[in-house]
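Colleague: Please take one part of this model and go through it closely, beginning at its end and working outward to its surroundings. I would like a connected account rather than a list.

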Amino acid sequence: MRTALISDIHSNLPALEKVLADIDRRGVDRIVCLGDIVGYGPDPIECVDLVAARCEWSLMGNHDFGVLYEPTNFNSAAEQAAYWSRARLEEGARLDPEKGRRRLDYLNRLRVRVLLDERFLCVHGTPRRPINEYLFPDDATNSPSKMEQIFDRFDVACLVGHTHVPGVFIDDPDFLRPAEFDGTYRLEEGHKVIVNPGSVGQPRDLDPRASYAILESGDAGAAVEFVRCEYDVRTTVEKIHAIPELHDWLGDRLYEGR
Ligand SMILES: [Fe+2]
């Protein structure tokens with residue numbers, strides 16, 4: 001079974017379209033999304049519709065939650081973007097009530113956690129605070145008790161998003177970037193891992209290319225291949241710059257991948 005893992009799209013339609021085309025070229029059985037479809041970027045409506053059409057399911061991310069309800073602990077640019085995204089979705093529901101309501105309903109029904117194939121625990125943040133907690137690469141060395149508590153919360157492997165940094169946490173503990181294992185990480189029985197596919201629409205590992213992963217799983221074991229995908233960053237940046245409610249920085253950071 002080949003499962004494409006996408007996450008943290010953040011209303012970046014050019015990035016999402018490129019990633020989906022790349023996934024189609026490689027051939028997968030299903031696509032799942034680990035949350036944050038919206039927030040930050042210029043195309044919330046189009047991204048929700050595309051995820052709803054193409055993904056088997058998506059999780060509730062902190063930005064999806066913030067746009068629907070209350071953007072708590074957001075910086076001012078993120079908060080303003082959340083209110084603007086909500087206004088766009090509400091406007092969409094006014095212009096086309098049936099489609100618009102179905103779209104809002106889709107967002108409202110996003111789940112907080114999914115146990116995929118009874119093996120892979122999927123959450124946006126961490127298993128102990130599924131929507132909001134960050135598991136940063138530095139935590140592997142700086143926060144042993146946090147790592148221990150989080151690893152205690154699942155059995156085989158955990159799939160997360162939220163930090164926008166692709167890689168694998170192992171129980172040593174350590175964080176391994178894809179370059180450290182040539183892009184494909186093989187899961188070994190008895191060794192728990194946490195996998196982050198990185199972000200489609202706002203990478204933060206100093207590589208501006210869209211990031212996602214393909215999980216290959218079967219009776220013989222499982223492996224995760226990390227993939228990067230060039231997209232037209234400038235189009236997204238220019239759209240952001242043209243919307244007064246979206247801070248210019250939200251566009252500029254995409255050029256640097258941070
Ligand atoms: Fe995010």
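**Helix α1 and its surroundings**

Modeller: Helix α1 is followed by Gly27, a residue whose phi is positive, near 75°. The model is a predicted one, and what I say about it should be read in that light. The helix itself comprises residues 13-26, and its 14 residues carry it 20 Å from the first C-alpha to the last, close to the 20 Å expected at 1.5 Å a residue.

The buried residues of α1 are Leu13, Pro14, Ala15, Leu16, Val19 and Leu20. Among the elements that cover them are the strands β1, β11 and β12, together with the helices α2 (44-54) and α8 (233-241). Helix α1 lies across β1 (2-6), β2, β11 (210-218) and β12 (221-229), and its direction makes an angle of about 30° with that of β11.

The strands beneath the helix belong to an open sheet of six, with mixed pairing, whose order is β3-β2-β1-β11-β12-β9. Because β3 (57-58) and β9 (184-187) stand at the edges and have a single partner strand each, one side of each is left without a neighbour in the sheet. At the β3 edge, strand β2 (residues 30-33) pairs with β3 in the parallel sense over two bridges, and Val32 has Trp57 of β3 as its bridge partner.

Helix α2, which helps to cover α1, has buried residues of its own, namely Pro44, Ile45, Cys47, Val48 and Val51. These pack against α1, β2 and β3, and also against the helices α4 (76-95) and α5 (97-108).

One contact leads from the helix into the core. Val19, one of the buried residues of α1, is touched by Ile6, which also touches Ile31, Cys33, Pro197, Val200 and Tyr212 when residues up to four places away in sequence are left out. Ile6 and Tyr212 are, with Leu5, Leu159 and Ala213, the residues that touch the most other members of the largest nonpolar core, a set of 66 residues. In soluble globular proteins, nonpolar side chains tend to be buried together.

Leu159 also brings in another set of strands, since strand β6 covers residues 157-159 and is joined to β10 by three bridges, the two running parallel. The bridge partner of Cys158 in β10 is Ile194. Strand β7 (residues 167-170) is joined to β10 as well, here by four bridges and in the antiparallel sense, with Gly167 bridging to Asn196. Within β10 (residues 193-196), Val193 and Val195 point one way while Ile194 and Asn196 point the other, and all are buried.

To set α1 in the whole, the protein chain has nine helices and 12 strands. Its radius of gyration is 17 Å, close to the 18 Å that the globule rule gives for 258 residues, so the chain is as compact as a globular protein of that length. Buried residues make up 44% of the 258 residues, and, among contacts with a separation of 6 or more, 71% are between residues 24 or more positions apart.

Methods. Residues numbered from 1 in each chain as written. Predicted model: local features only at pLDDT ≥ 70, side-chain atom pairs only at ≥ 80, totals over all residues. Pairing = 2+ DSSP bridges. Contact = placed C-beta atoms within 7 Å. Axes fitted to C-alpha atoms, helices over the stretch in contact; angles between N-to-C directions. Expected span 1.5 Å × (residues − 1). Buried ≥ 20, exposed ≤ 12 C-beta atoms within 10 Å, placed from the backbone. Rg over C-alpha atoms; globule rule 2.2 N^0.38 Å. Core = buried A, V, L, I, M, F, W, Y, C linked by C-beta atoms within 7 Å.
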